[in-house]
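Q: Please take a close look at the nonpolar patch on the surface: which residues form it, and which helices supply them? Set it in the context of the whole chain.

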Amino acid sequence: MLAVAISALLGSRIGKYLRSGKAMQWFNRASGSLMLLSSQGLSAMRRPDS
């Protein structure tokens, strides 16, 4: 419940800055890069031996 509330609060504040197309483009690039980095990090991890 707390995570959803924090997400809604941050989303409403970020939305004010992303009104222009240029800002949205940079936001999409940054979030895409973070997703790419996290997927590479997950693929580099090894599964524990069981």
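A: The patch comes first, then single residues, then the overall form.

This is a predicted model, in which local features need pLDDT of at least 70 and side-chain atom pairs count only at pLDDT 80 or more, while totals for chains, interfaces and linings use all residues. Residues are numbered from 1 along each chain as its sequence is written, and side-chain values use heavy atoms, with hydrogens and water left out.

The nonpolar patch on the surface consists of Leu2, Ile6, Leu10, Ile14, Met24 and Phe27, which together have about 550 Å² of accessible area. Patches take residues with over 30% relative accessible area and no salt bridge; like charges are joined within 9 Å, and nonpolar side chains (Val, Leu, Ile, Met, Phe, Trp, Tyr) within 5 Å. A salt bridge here is a side-chain nitrogen of Lys or Arg within 4 Å of a carboxyl oxygen of Asp or Glu. Areas come from the Shrake-Rupley method with a 1.4 Å probe, and for residues only the protein chains shown count as cover.

Helices α1 (2-17) and α2 (21-44) each supply at least two residues of the patch, and α1 gives the most, with four. Helices (H or I, at least four residues) and strands (E, at least two) are DSSP runs numbered from the N terminus. Ile14, one of the patch residues, is located in α1 and counts as partly exposed because its relative accessibility is 38% (buried is under 20%, exposed over 50%, partly exposed in between; 1.4 Å probe, protein chains only).

In α2, Ser31 is partly exposed at 29% relative accessibility, and its C-alpha atom is 17 Å from that of Ser12, 19 residues apart along the chain. Ser43, also in α2, is exposed at 61%.

Arg29 lies over the face of Trp26, 5.0 Å from the ring centre; the rule asks for NZ of Lys or CZ of Arg within 6 Å of the ring centre and within 35 degrees of the ring normal.

The protein has two helices and zero strands. Its radius of gyration, taken over C-alpha atoms, is 16 Å, well over the 10 Å that the globule rule (2.2 Å times the number of residues to the power 0.38) gives for 50 residues, so the protein is more spread out than a compact globule. The C-alpha trace spans about 50 × 30 × 5 Å along its principal axes. Buried residues make up 2% of the 50 residues. The protein exposes about 5,000 Å², of which carbon and sulfur atoms supply 66%.
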